[in-house]
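Colleague: I should like to go through the terms used for this model and hear the grounds for each of them. May we begin with a strand?

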Amino acid sequence: MIAYAHAALPLVEEARPSPSPKVHGDGRLDETLCAQLIAQIKAGDLVAFDRLYRHTREDVARTLFHLVGRNAEVEDLLQDTYVRLLKAVKGFRGECTFRTFLYRVCANVALSHLRWRRRRPEDPCDVLPDAECPHRTPEQEAQRTEAIALVQAALEKLSPKKRIVFVYHQLCGMGPEEIAETVGTSVNTVRSRLHHARLEFHEAIQRRVGRTA
Amino acid sequence: MSCPDTSTLWSLEAGELHGDSRAATLAHALSCLACQSTRNELRETLSLLSVDARPAVQWSRVDAALDDVSAKEMLRRAGPLPLWKWMLPAGGFALLAAAVTMLVHSPAPVTTKPVVVAEVAAAPVMEVTAPKPIAEVQSLHAGKQRLTFSFGSGGHGELGPHSSATVDGSLITLSSGTLIASAERELVIHAGAVSVKGDGRVKLSVSQSSRFFEVAVSDGAVLVERADAQPVWIHQGESVRFDRAKGTSVSKKADVGAQVKQRTPDPGVEKSSEELFLGRAEHAVQRGSCGDFLLGLETLAFDAEEEPVRERARIVKARCHDARVEPDKAGIEYRRYLRDFPTGNFAEEARKAVQAE
């Protein structure tokens with residue numbers, strides 16, 4: 001029997017043969033622009049911060065939504081993220097990409113929030129996003145809502161650390177090395193968390209659709 | 001070959017397997033019904049992950065919150081009181097105006113009374129920030145910076161910008177401007193016709209301008225005496241204000257302790273500086289050379305005590321960006337203006353500018 005050890009999984013992002021269905025955030029951040037804006041922010045330019053915020057906010061909002069799963073919490077966490085970013089940006093010296101830096105802030109904000117939320121009673125009423133697209137038919141909108149509910153329910157089953165790794169890899173298109181740099185852990189730990197997160201996520205989805213006991 | 005686990009099949013579906021491992025896994029999966037079933041389930045799972053889960057964010061709410069926070073953070077970084085940034089051009093303008101006046105008119109003595117300087121012209125000027133012990137009667141005058149000093153037995157004082165006072169032990173005579181004082185024992189402050197007396201631990205601010213006189217207490221209690229009014233006790237968290245024109249006490253309100261901690265400036269001096277600065281900035285906008293005024297304008301737009309000053313500073317800042325051909329920045333300022341002053345005097349101008357973007 002072949003042993004498929006999770007640590008040996010070839011998760012490297014080199015030359016993917018087919019486009020992954022994930023990756024909504026990949027390639028959206030203009031690193032050059034971000035670097036220029038950060039230099040201006042360090043010099044006290046408030047407008048540069050505003051531009052950086054507008055350039056990144058959609059990605060950050062979507063990422064935070066996947067990380068915490070509740071629409072109403074996203075706005076507060078967005079504020080938290082950008083406040084932290086503004087305070088942390090003066091220490092950003094370009095050792096990593098801005099995306100890694102930004103997602104590190106997101107991960108810290110989400111992790112704190114998820115840990116805090118685990119100690120509080122669950123409010124099931126605010127799971128779904130309510131952003132409606134005028135181009136979708138009611139049936140498409142219903143399917144989309146159902147899909148998002150399934151995904152969020154399955155994500156809720158993951159521990160915060162596994163969830164961050166899973167979301168960053170599956171939904172933000174980050175490779176294990178970048179995730180390791182973002183969350184401050186080893187690549188092997190990231191692969192291990194991703195391996196378990198995938199199994200747990202898939203199992204949770206199958207349970208939800210009634211295929212597994 | 002045995003069936004690969006779900007995670008490996010996931011990697012196969014996601015295109016993450018390469019070379020031999022991909023070929024071997026794929027060859028097995030194509031010939032194994034169980035693996036084909038798992039692959040079908042995984043495709044469904046992956047398709048769920050591709051759904052666009054864009055949250056509905058009320059960006060205006062987030063924008064507004066972040067505007068305030070980021071402006072505060074930037075001001076904090078710029079320093080606690082970056083007055084010099086805009087006092088320099090304002091002072092330069094004042095000197096220029098004085099020079100022009102002297103050239104145009106005869107060299108007769110100026111009849112208008114300078115706000116502070118004339119009263120303390122003979123006093124030694126101490127531009128220091130470290131506390132200076134006062135051993136004997138001494139006149140103090142703060143220039144552009146605040147002046148801190150110690151007095152009596154363990155007392156500490158701080159004169160606001162352009163303020164002046166005479167200190168004799170525990171007796172302080174405030175000639176003009178603002179004084180913040182804390183004392184452990186006896187403290188007497190004379191300011192014009194008003195006396196403030198504390199006995200014991202007390203911290204307070206005393207401000208006087210041509211229009212009013214105000215005492216605010218953040219710790220302890222003081223007795224405020226005035227020749228033509230009943231003495232009044234002002235306790236921690238309270239303030240009292242006398243209107244010089246009306247000659248009566250006009251207010252005694254609670255919860256103002258913070259203003260002592262926040263170094264209440266002299267409104268009389270500050271107001272004229274603000275107006276001077278704004279006028280100078282508007283002039284610079286017309287000339288298209290207003291870049292040096294931007295930080296000062298932001299400070300005023302964010303922090304000025306009076307709303308008309310904040311409003312005018314915001315619109316002047318927007319015009320300045322317009323003059324500098326910075327449409328993005330101008331747009332942000334116009335939107336901020338509309339957010340803060342939707343029915344303001346310049347709302348129509350701001351609205352047109354935003355619509356024209």
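Colleague: What makes strand β4 (residues 155–159) of chain B largely enclosed by the rest of the structure?

Modeller: This is a predicted model. Four of the five residues of β4(B) are buried, so the strand is largely enclosed by the rest of the structure. Buried here means under 20% relative accessible area.

Colleague: How do you know that β4(B) pairs with strand β3 (residues 147–151) of chain B?

Modeller: Pairing requires at least two bridges. Five bridges join β3(B) to β4(B), and the two run antiparallel. Because the cut-off is at least two bridges, five suffice for a pair. Within this pairing, T148(B) has E158(B) of β4(B) as its bridge partner.

Colleague: Which strand is joined to β4(B) by four bridges?

Modeller: That is strand β6 (residues 171–183) of chain B, which runs antiparallel to β4(B). Four bridges also satisfy the requirement of at least two, so these strands count as paired. In β6(B), I180(B) stands opposite E158(B).

Colleague: Let us turn to chain A. How many helices and strands does chain A have?

Modeller: Chain A has eight helices and zero strands, and its pattern along the sequence is α-α-α-α-α-α-α-α. Of its 213 residues, 52% are buried. The chain exposes about 9,700 Å², of which carbon and sulfur atoms supply 51%. Among its contacts between residues at least 6 apart in sequence, 72% join residues at least 24 apart.

Colleague: How do you know that the length of helix α3 (residues 71–88) of chain A is close to the one expected?

Modeller: The expected span is 1.5 Å times one less than the number of residues. For the 18 residues of α3(A) this gives 26 Å, and the helix reaches 25 Å from its first C-alpha to its last. Buried residues in α3(A) include L77(A), L78(A), Y82(A) and L85(A), and also the polar or charged N71(A), E73(A), E75(A) and T81(A).

Colleague: What does L78(A) touch, not counting residues up to four places away in sequence?

Modeller: L78(A) touches R57(A), V60(A), A61(A) and L64(A), as well as V57(B), W59(B) and V62(B) of chain B. In the largest nonpolar core, of 76 residues, L78(A), F98(A), F166(A), Y168(A) and F201(A) touch the most other members. Apart from that core lies another, of 29 residues, among them A142(B), L159(B), L187(B) and F242(B).

Colleague: Why is R51(A) called partly exposed?

Modeller: The relative accessible area of R51(A) is 39%. Buried means under 20% and exposed over 50%, so a value in between is called partly exposed. R51(A) is found in helix α2 (residues 46–68) of chain A. Leaving aside neighbours within four places in sequence, R51(A) is in contact with L33(A) and L37(A). The C-alpha atoms of R51(A) and L37(A) are 7.6 Å apart, although 14 residues separate them in sequence.

Colleague: How do you know that C290(B) and C320(B) form a disulfide?

Modeller: Their sulfur atoms are 2.0 Å apart, and the cut-off is within 2.5 Å, so the pair qualifies. The angle about the S-S bond is 100°, and the link is right-handed. The pair links distant parts of the chain, 30 residues apart: C290(B) is in the loop between α7 (267–287) and α8 (294–303) of chain B, and C320(B) is in helix α9 (residues 307–323) of chain B. At 0% relative accessibility, C290(B) is buried, and C320(B), also at 0%, is buried. The structure holds one disulfide over all chains.

Colleague: Why is C32(B) in no disulfide?

Modeller: The nearest cysteine sulfur, that of C3(B), is 3.6 Å away. A disulfide needs sulfur atoms within 2.5 Å, so C32(B) does not qualify. With a relative accessible area of 12%, C32(B) is buried.

Colleague: Finally, why is V325(B) called exposed?

Modeller: Its relative accessible area is 67%, and exposed means over 50%, so V325(B) qualifies. V325(B) lies in the loop between α9 and α10 (327–340) of chain B. Its phi is near 55°, a positive value in a residue other than glycine. Most residues other than glycine have a negative phi.

Technical notes:
Residues are numbered from 1 along each chain as its sequence is written. Chains are lettered from A and ligands numbered from 1 in the order in which they are written. This is a predicted model: local features need pLDDT of at least 70, side-chain atom pairs count only at pLDDT 80 or more; totals for chains, interfaces and linings use all residues. Side-chain values use heavy atoms; hydrogens and water are left out. Buried means under 20% relative accessible area, exposed over 50%, partly exposed in between (1.4 Å probe, protein chains only). Contact means heavy atoms within 4.5 Å. A nonpolar core is a set of buried Ala, Val, Leu, Ile, Met, Phe, Trp, Tyr and Cys residues joined through side-chain atoms within 4.5 Å. Accessible areas come from the Shrake-Rupley method with a 1.4 Å probe; for residues, only the protein chains shown count as cover.
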